Amino acid sequence: MVASNDTVSARKPQSAGPQSGGDSGERAAGPSIDPADVARFSAQAAEWWDARGPFAPLHRFNPARLAFVRDRVAERFGRDARGREPFAGLSLLDVGCGGGLIAEPMRRMGFAVTALDASAENIGTARVHADQMGLDIAYRAVTVEQLEAEGAGPFDVVLTMEVIEHVADPEAFVRTCARLVKPGGMMIVATLNRTLKSLALGKVAAEYVLRWVPAGTHDWRQFLKPDEIRLMLSAEPVAVSGPYGLVYNPLTDRWSESDDAGINYMMVATRD
C-alpha cells in the first residue's frame, strides 16, 4: 500500500545489467532483481528524502515500521528501547534499503548497519545523505545472494521491508535472508497480503484513486499470504511468528500496529 524499496515486473529469474556501485565499483546481480525496474527506481533516487515527493507515503509509513522493529528487537535481546543507542553491539542487515529511510534510524539506535540495494543510484543517494548526517553505514550495491556468496555476516537482525513481493523468486530470496541471521538473532519481513481487501485498497485505491504510488508499482498476484511465507521458511532453522498487521488511519494520517493483517503485515523469524 506504500511505495516499495525495489520492484520487478514479473517473477522470472533475471540478472541485473551493469550497475556502478559508486566508488566501490560493485555491480548488483542475481535472480531476485530485474534491470528495468531497478532503472525505474534509480531514476527517482534523488527524491528518497523528499517527504513530499514520490516516497511521501513511505515517510508516513516509516514511524510504524521503526516502532515495530525497535520493540521486537528490544524484546528479543533484552534491551531498553528507551535508552540512548539501545542496540549498540548488535549488527543489522537492511536488504533493499532504497535511500536509507530504515538504515539511518537503525544506525542512530546503535546498530552496526550494513545496507544493500540493487540500484547503485539508490546506494549513492543513501551514502551522500548518511555522510551529511554523520552516520557510518556500510552501503553496498549488491544483492543478498551476492552477500551470502561472499561469506558475509551473519547478522543479529535482518530486515527485508516491502521487498519480497517484488522479487523474482520470493522463496529463494527469503531463505537466503534467513541464512544470514546469526544464532540467537531474528529476521523481520514486511509485505502485503494477497486478499480482496488488499486488491481494493493496497492496489487499486493506492495506485489509481489516492495515487500514493505510481500506477503499476504493485502486482497483486505477487502479494504473499502469511502462510506462504511460513511455508517458504519451513526448511530453514527458524521459528516464524505473525502476522502482525499495520493499518492506516485516515483521520490521523498515521499508521499503527493492528490485529488486522489484511493488507500490510510483518512476520518475525527467530533463530535459536
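Two strands count as paired when DSSP finds at least two bridges between them. Keep that in mind for this predicted model.

**Exercise 1.** Work out which strands β8 pairs with, and in which sense.

*Solution.* Start with β5: seven bridges link β5 and β8, in the antiparallel sense. One of the contacts to look up is I188, whose bridge partner in β8 is V268. Now go to β6, which runs antiparallel to β8 and is joined to it by six bridges. Here Y244 has M266 as its bridge partner in β8.

**Exercise 2.** Place β8 in the whole sheet and find the edge strands.

*Solution.* Read off the order first: β3-β2-β1-β4-β5-β8-β6-β7, an open sheet of eight strands with mixed pairing. Next, look at the ends: β3 (138-140) and β7 (254-258) each have a single partner strand, so one side of each has no neighbour in the sheet. From one strand to the next, the twist averages 20°.

**Exercise 3.** Decide whether the residues of β8 are buried or exposed, face by face.

*Solution.* Recall that side chains in a regular strand alternate between the two faces of the sheet. On one side of β8 you get N264, M266, V268 and T270; on the other, Y265, M267 and A269. All of these are buried, meaning under 20% relative accessible area. That makes seven of seven residues in β8.

**Exercise 4.** Find what helix α2 lies across.

*Solution.* Follow residues 56-77: this helix lies across β4, β5, β6, β7 and β8. Then check its direction, which is about 155° to β5. Helix α6 (residues 170-179) also packs on the sheet, touching β1, β4 and β5.

Note on methods:
Residues numbered from 1 in each chain as written. Predicted model: local features only at pLDDT ≥ 70, side-chain atom pairs only at ≥ 80, totals over all residues. Heavy atoms only, no water. Helix = DSSP H or I, 4+ residues; strand = E, 2+ residues; numbered from the N terminus. Axes fitted to C-alpha atoms, helices over the stretch in contact; angles between N-to-C directions. Contact = heavy atoms within 4.5 Å. Buried < 20%, exposed > 50% of the residue type's maximum accessible area, 1.4 Å probe, protein only.
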